[in-house]
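I opened this entry to record what I looked up, step by step, and to keep each reading tied to the coordinates. My notes follow the order in which I went through the model.

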Amino acid sequence: MEQETSSIKENEIRYEDLDSPPGRRLGSGNFGRIFEGRYKNRPVAYKIMKHAIHSSIFFNEISILKSLDHECICSLYGYVRHENLMILVLEKIHGISLYHYLLYQEMDLSRKQQLGKQVLSTMVYLHNQLVLYGDLKPENIMIHPETMRHKIVDFGLSQRLESPISKVKGMVGTPGYMAPEIIQEEEYGLKVDVFAYGMVLYVLFSEQPPASPTTREYYLRSRSFRPYRKLIRWCTSEEAEYRPSFLELSMIYDQVLSQQTTDTGWWSCLLSFFFCSSV
Ligand SMILES: Nc1ncnc2c1ncn2[C@@H]1O[C@H](COP(=O)(O)OP(=O)(O)O)[C@@H](O)[C@H]1O
Ligand SMILES: [Mg+2]
């Protein structure tokens, strides 16, 4: 985990330079509370954490976010240290988390499929940048209520890897979305994000909380799950090496989810993918 380095220090903002104190609360999580704010005459979000407890997560989030540039990833404007508080100054995202969206709003199947595809493409970007996101779950995916565009927030547990096959250790993630290798305290790599993505798809399509393999299988066997059951099973394979990469998934997502896809069609599309990629 990061500490305050000179490259991070470039992003420090003086407390006096913020245009307003924290306003309405926008949300909260395990590490921080998010409030409306104002900086350089525009609305922003302040993510406030207690200094002593969460400083490594705080500097880690800065170091990862400042290196990313993607329309579906929350932008960072800088950070403030004030008394015993540490404040991330972030783009203010209009919308609510997917967690709250699923609790309070209806989402039809085609919107769910589009959202799954959009999140997949953001994950392809992150893994291309060698960023293991580490905490993919509906609470960290913000949804714009009209456009249904998403933005990913919360990079406190993310890690930049040396290579696509690098392995790391340590507890990351949230129960229910954590890959078996994390729970068993083994080394893990980018495929833990694919497991969490499979669980997000399960929650999105079933509108059930994340579940054990047995309960998951019970829902996946129902008729309405047919188009995406294999996608979810594939992503949530117990063994990391059986899970696809996000790039592989993005190449077959549409075919797998199309209503016409039969079991044979799905396999032939997979086969054709492996055939093409080995040429
Ligand atoms: N930039 C933002 N704009 C608006 N709301 C946000 C923003 N970032 C986070 N939130 C809201 O606050 C909640 C907690 O933020 P998050 O960064 O996930 O904190 P934690 O690290 O404590 O989990 C999110 O689930 C979301 O609802
Ligand atoms: Mg969070």
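I began with the strand pairing, and found that E6 and strand E8 (residues 141–143) pair in the antiparallel sense over 2 bridges. Looking up the partner of Ser 97, I found that it is bridged to Met 142 in E8. I noted that this is a predicted model, and I read what follows with that in mind.

Next I traced the sheet to which this pair belongs: it is open, has 3 strands in the order E6-E8-E9, and is paired in the antiparallel sense. Its edges are strand E6 (96–97) and strand E9 (150–152), each of which pairs on one side only. As background I wrote down that strands of a sheet pair through backbone hydrogen bonds, either parallel or antiparallel.

I then turned to the division of the chain, which gives domain 1 (6–91) and domain 2 (96–277). I looked up the separation of their C-alpha centres and obtained 27 Å. To the contact between them, domain 1 contributes 13 residues and domain 2 contributes 16 residues. On the domain 1 side, the largest share, 5 residues, comes from helix H2 (residues 51–65), and that side as a whole divides into 8 nonpolar, 4 polar and 1 charged.

What does the largest nonpolar core consist of? I found 69 residues in it, and those with the most contacts inside it are Tyr 46, Ile 87, Val 89, Ala 196, Tyr 197, Val 200 and Leu 201. Helix H6 (residues 191–206) gives the most to this core, with 12 residues. I placed the core between domain 1 (6–91) and domain 2 (96–277), because both give residues to it. Following Tyr 197 further, and leaving aside its neighbours within four places in sequence, I found it in contact with Met 123, Leu 136 and Cys 235.

My last step was ligand 1. Of the 22 residues around ligand 1, those that come nearest are Gly 27, Gly 29, Phe 31, Ile 93 and Asp 154. Strand E1 (25–28), strand E3 (42–50) and strand E5 (85–91) each supply at least two residues of its shell, and E1 gives the most, with 3 residues. By residue class, I recorded the shell around ligand 1 as 9 nonpolar, 8 polar and 5 charged. Why do I enter ligand 1 as lying between the domains? Domain 1 (6–91) and domain 2 (96–277) both give residues to the shell around ligand 1, so it lies between them.

Notes. Residues numbered from 1 in each chain as written. Chains lettered and ligands numbered in written order. Predicted model: local features only at pLDDT ≥ 70, side-chain atom pairs only at ≥ 80, totals over all residues. Domains from an automatic or database assignment. Contact = placed C-beta atoms within 7 Å. Helix = DSSP H or I, 4+ residues; strand = E, 2+ residues; numbered from the N terminus. Nonpolar A, V, L, I, M, F, W, Y, C, P; charged D, E, K, R; others polar. Pairing = 2+ DSSP bridges. Core = buried A, V, L, I, M, F, W, Y, C linked by C-beta atoms within 7 Å. Buried ≥ 20, exposed ≤ 12 C-beta atoms within 10 Å, placed from the backbone. Near = placed C-beta within 6 Å.
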